[in-house]
Amino acid sequence: MKKVRGAALSAAVGAVVVAGLGIASVRGPIEAQEAPAQAARKPIQIDLSQSAQKVRLNQEVSAAKGATAARFPTVHGAGDGWALRVAGNNPRSPAAQDGVVVVGTGSGNTVFGVEVETGLVRWSAVSKDSGISSVIVAGDSAYFTTWSCTLERVRVSDGHHEFSKWLASTVECAPDANESRVVCSYQGNVSDHDLNTGAQGWKSEAKEGVVTAPVICGDAVYTVSPAGSLTSFALEGGKKRWSRNLGAVAAPVATPQGLLVAAYHDGSAETAPAESQKPAKNPDRETVVTTGQIGRTLLARGDRRVALLTGGEAAPKGSEAYALNGPAGSTGLDFQGMRPGFDGGVVYLAGRGALSASLLATGNELWSVQLSDSKVELTTPVVSGGMLFTAGSDGTVLALEATSGALVWAYQFEGVAFAAKPCVEKGRLLLTTNRGMLLCLPTGAQDTGEAPPLGGGSGAAPAKNEPGMPGVFRGVRDAFEKNRTPVPAPSRLPENVTPARGPETPAVEGPDTDAGAEGPASESKDEPSKGEWERREERREAKARSEGKDYERKPFKRN
């Protein structure tokens, strides 16, 4: 049996975390489980401005075969972390296996294999084209696509290039894989390929486009369009089974129990009926949403919910009458959206300033966390060794006890942001930043033994409105609290005194460049490739739109 891992597919993921999200369990096309009555839980309040250890990376090592990452100390008693520059912009999600993490160079054309324990760059592999997607691992190999224009396979152990399969002139999605097949999406198409050779098996139309990646679940391949519709294709033969407007906001997540689909919800009720209602637009979001698109919502808070589709070939009930908008304008290799995580029958989801965990079978909430910064965007969470990990757009990385939501440790890295789903390998958390760094932090879980059972654990009784900290993680938490640098409480100035301005905070946006592992210095080459030019124009257009301006992309011309 081949093992499939990675950020784009995460078939082992399936939990929901976040205030502003609900869970709907759909049996067959429209039926939903009823959730038992449950008393409302108060969220755990965490102020990361006071709780996180600040980190400034003073040394920088650029990735190259034989190079070793720069190390930095941690304070939670689990050893040093390390940092390695692999790109000049967002490298997207890494994937790891057998002690080696594989990561691309963002808009560059190189993939690196790095030993997670030491930070040693074991190998580098040069792709035939640029724009490396998030990486997935299946069996003994890593798979990724390039923007222009291939599906590629390299061996995890030594970086040997197994194949490069041309797909189309541009490819905006990462791949997904199971034990024998790998699927891709590009330019209104979905295609199936042999895992070992890359040979195409079938190709079907997905006219509305696909966000993030196609997802294999059971005997089907699922895609979500920028307009929020979910489409099912037969894994064997590629026949399109159905397509429904569900207001989906991100690529779905495969679990052993079925497919998790995150969708917008208007927040009108804690338990919303399945009847359709008029569209409601949230002024803080770009998506129009109705309450009854997937089925009855078991849990609903804010503007999001999650459905579990278990109906096989049967189509869920959609809202074809409404022109629903999904994550429109958020396509491309960088987009991941709010995708739930899953572990041991619990759904986790991390979103804007909040996290939560709920039982998949009933929808009962186990815990929720509210961060002091309600606007920080969090990455898709991952669970390993009884701990939950996520990172934020403000440079924070945090570890929570998965069964209680208690904070174990947190770090805040200066001048960076996190947007891509991390991965865990051999007790180490691997993350990429928007400015081209690959970071490694020891989780602390490798020295704690087995995680406590769901809802259990030893230790003192929890304080009011705080979770109990199981004894298995108390040593790590206590070391962090003992060794971290305290943050002074802000002093209150007289009303007539204006606080002095400190140094400007470094910008967190990556440079507007198609730099590879060497960073901005690689801009010195004479002429960009067509793919690099198109990506640059896409970023400039997106930036102009975010400022309310029009921008007309310039066509590529060779000198």
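Student: Over which residues, with 147 contacts beyond four places in sequence, does pLDDT stay under 50?

Tutor: Good place to begin, since this is a predicted model. Where pLDDT is low, the predicted coordinates should not be read in detail. A second stretch under 50, residues 268-293, has 79 contacts beyond four places in sequence. The stretch you describe, with its 147 contacts, is residues 7-37.

Student: What average pLDDT does the protein chain have?

Tutor: Of the residues, 69% score at least 70. The chain as a whole averages a pLDDT of 76.

Student: Let's turn to the sheets. Which strands stand at the edges of the open sheet of five strands?

Tutor: The strand order is β4-β32-β31-β30-β29, and the pairing is mixed. Two strands in that order have a single partner each, so one side of each is left without a neighbour in the sheet. From one strand to the next, the twist averages 20°. The edge strands are β4 (44-46) and β29 (341-343).

Student: How many bridges join β30 and β31?

Tutor: β30 covers residues 346-351 and β31 covers residues 354-359, and they pair in the antiparallel sense. Two of the bridge partnerships can be traced by eye: Tyr348 with Ala357, and Gly351 with Ala354. The number of bridges between these strands is six.

Student: Which residue in the hairpin of β30 and β31 takes a positive phi near 70°?

Tutor: This hairpin has two residues between its strands. β29 and β30 also form a hairpin with two residues between them, where Gly344 has a positive phi of about 60°. In the hairpin of β30 and β31, the residue is Gly353.

Student: Which residue stands opposite Val346 of β30?

Tutor: Look along the neighbouring strand β29, which pairs with β30 in the antiparallel sense over three bridges. The residue opposite Val346 is Asp343.

Student: Are the residues of β30 buried or exposed?

Tutor: In a regular strand the side chains alternate between the two faces of the sheet. On one side of β30 are Val346, Tyr348 and Ala350, and on the other are Val347, Leu349 and Gly351. Both faces are covered. Six of the six residues fall in one class, so β30 is largely enclosed by the rest of the structure: they are buried.

Student: Which element gives the most residues to the largest nonpolar core?

Tutor: That core has 26 residues, and Met387, Phe389, Val397, Trp409, Phe413, Phe418 and Leu429 touch the most other members. The elements giving two or more residues are β34 (387-391), β35 (396-401), β36 (407-413), β38 (428-432), β39 (437-442) and α2 (471-483). The top contributor, with four residues, is β36. Apart from this core lies another, of 21 residues, with Val369, Leu388, Leu400 and Leu407 among them, but the answer to your question remains β36.

Student: Which residue of β10 stands opposite Gly104?

Tutor: Start from the open sheet with the order β8-β9-β10-β11 and antiparallel pairing. Its edges are β8 (95-97) and β11 (121-126). Within this sheet, five bridges join β9 (residues 100-104) to β10 (residues 110-115). Opposite Gly104 you will find Val111.

Technical notes:
Residues numbered from 1 in each chain as written. Predicted model: local features only at pLDDT ≥ 70, side-chain atom pairs only at ≥ 80, totals over all residues. Heavy atoms only, no water. Pairing = 2+ DSSP bridges. Axes fitted to C-alpha atoms, helices over the stretch in contact; angles between N-to-C directions. Core = buried A, V, L, I, M, F, W, Y, C linked by side-chain atoms within 4.5 Å. Buried < 20%, exposed > 50% of the residue type's maximum accessible area, 1.4 Å probe, protein only. pLDDT = per-residue confidence, 0-100. Contact = heavy atoms within 4.5 Å.
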